[in-house]
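Please walk through the model below from one helix to the next, with the sequence and the coordinates side by side.

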Amino acid sequence: FSLWIANVVFLFFALRYFGYTWTIKTILSVATTSTTVNYITLHVPHIHVHLLLDLLAGSVFFGIGVGILIRAGASSGGMVIPALMIASYKNWSPGKVMMGINLLIFLLTALVIDYKIVIFAIICQFFSTNIIDYIYELKIHKISFLSANWRKR
């Protein structure tokens, strides 16, 4: 529920800036994310291997997921929406804009919480935004032998 409250303002801006299709895809993405996180939190045991390995795995999964969403014409909500707005307006990479916005938020957060958590968040954000940019800029070539007309008669 709190995820929806946090995203409603951004979704109104997204509707005007990106259009209905993009906003509907983002709403579906946020709904899927919140449902999945709720289910996993309740039903799957949390096994922590090592803090740095957990951080790396979270960065990779988050980066791949958001990168795929951006390529598909959607977002994961939250600060990704204004980051994409700025990135498309200024013609910058989405990951770098997300890093800048979140770095500012992390530094403000460091005034109230333990700085170690903020350092881990910055490291996680650094890895995930680089993965997002890699997936966003990835050139995917069509594989002709897997298409319907792969064999000529």
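**A walk through the helices**

Leaving aside neighbours within four places in sequence, leucine 84 is in contact with Phe18, Trp22, Ile70, Ala74, Ser75 and Pro94. The model is a predicted one, and leucine 84 is a convenient place to enter it. This residue lies in helix α4. Is leucine 84 buried or exposed? Leucine 84 has a relative accessible area of 8%, and because buried means under 20%, leucine 84 counts as buried. Proline 45 is 39 residues from leucine 84 in sequence, and the two C-alpha atoms are 34 Å apart in space.

The frame around this residue can be stated briefly. The protein has six helices and zero strands, so that from the N terminus on the elements read α-α-α-α-α-α under the rule that helices and strands are DSSP runs. Along the principal axes, the C-alpha atoms fill a box of roughly 70 × 40 × 30 Å. The protein has 153 residues, of which 27% count as buried. If contacts between residues at least 6 apart in sequence are taken, 67% of them join residues at least 24 apart. The protein exposes about 11,000 Å², and carbon and sulfur atoms supply 71% of that area. There are 11 positive and 4 negative charges in the protein, and their mean positions are 22 Å apart.

Back to α4, which covers residues 80-90. Which residues of this helix are buried? They are Val80, Ile81, Pro82, Ala83, Leu84, Met85 and Ala87. The buried residues of α4 pack against α1 (2-18), α2 (20-43), α3 and α5. Two of the contacts of leucine 84, Phe18 and Trp22, also belong to an aromatic cluster, in which ring pairs link Tyr17, Phe18 and Trp22.

Another contact of leucine 84 is Ser75, and Ser75 is also touched by serine 29. Serine 29 lies in helix α2. Its relative accessibility is 9%, which means that serine 29 counts as buried. Not counting residues up to four places away in sequence, serine 29 touches Leu69, Ser75 and Ser76. The C-alpha atoms of serine 29 and leucine 69 are separated by 8.1 Å, although the two residues are 40 apart along the chain.

What comes after α4? The helix is followed by asparagine 91, placed in the loop between α4 and α5. Most residues other than glycine have a negative phi. The phi of asparagine 91 is near 60 degrees, a positive value in a residue other than glycine. Asparagine 91 has a relative accessible area of 71% and is therefore exposed, given that exposed means over 50%.

Beyond that loop comes α5 (94-109). α5 has 16 residues and reaches 22 Å from its first C-alpha to its last, close to the 22 Å expected at 1.5 Å a residue. Its buried residues are Pro94, Gly95, Val97, Met98, Met99, Ile101, Asn102 and Phe106. Pro94 is also one of the residues in contact with leucine 84. What covers the buried residues of α5 includes α3, α4 and α6.

The walk ends with α6, residues 115-137. At 1.5 Å a residue, the 23 residues of α6 should span 33 Å, and the end C-alpha atoms are 33 Å apart, which agrees. Val118, Gln125, Ser128, Thr129, Ile132, Asp133 and Ile135 are buried in α6. Residues three or four places apart in an α-helix point the same way, because there are 3.6 residues a turn. The buried residues of α6 pack against α3 (51-71) and α5.

Phenylalanine 126 also has its place in helix α6. Phenylalanine 126 and glycine 63 are 63 residues apart in sequence, with 9.8 Å between their C-alpha atoms. A search of the whole structure finds three aromatic pairs. Phenylalanine 126 and phenylalanine 127 form a pair that is edge-to-face, 5.6 Å centre to centre with 65 degrees between the planes. How do these two rings stand with respect to the surface? Phenylalanine 126, at 45% relative accessibility, counts as partly exposed, and phenylalanine 127, at 36%, counts as partly exposed too.

Definitions and conventions:
Residues are numbered from 1 along each chain as its sequence is written. This is a predicted model: local features need pLDDT of at least 70, side-chain atom pairs count only at pLDDT 80 or more; totals for chains, interfaces and linings use all residues. Side-chain values use heavy atoms; hydrogens and water are left out. Helices (H or I, at least four residues) and strands (E, at least two) are DSSP runs, numbered from the N terminus. Buried means under 20% relative accessible area, exposed over 50%, partly exposed in between (1.4 Å probe, protein chains only). Contact means heavy atoms within 4.5 Å. Accessible areas come from the Shrake-Rupley method with a 1.4 Å probe; for residues, only the protein chains shown count as cover. Lys and Arg count as positive and Asp and Glu as negative; His and the chain ends are not counted. The place of a charge is taken as NZ of Lys, CZ of Arg, CG of Asp or CD of Glu. The expected span of a helix is 1.5 Å times one less than its number of residues. Rings of Phe, Tyr and Trp (its six-membered ring) pair if their centres lie within 6.5 Å; planes under 30 degrees apart count as stacked, over 60 as edge-to-face and the rest as tilted.
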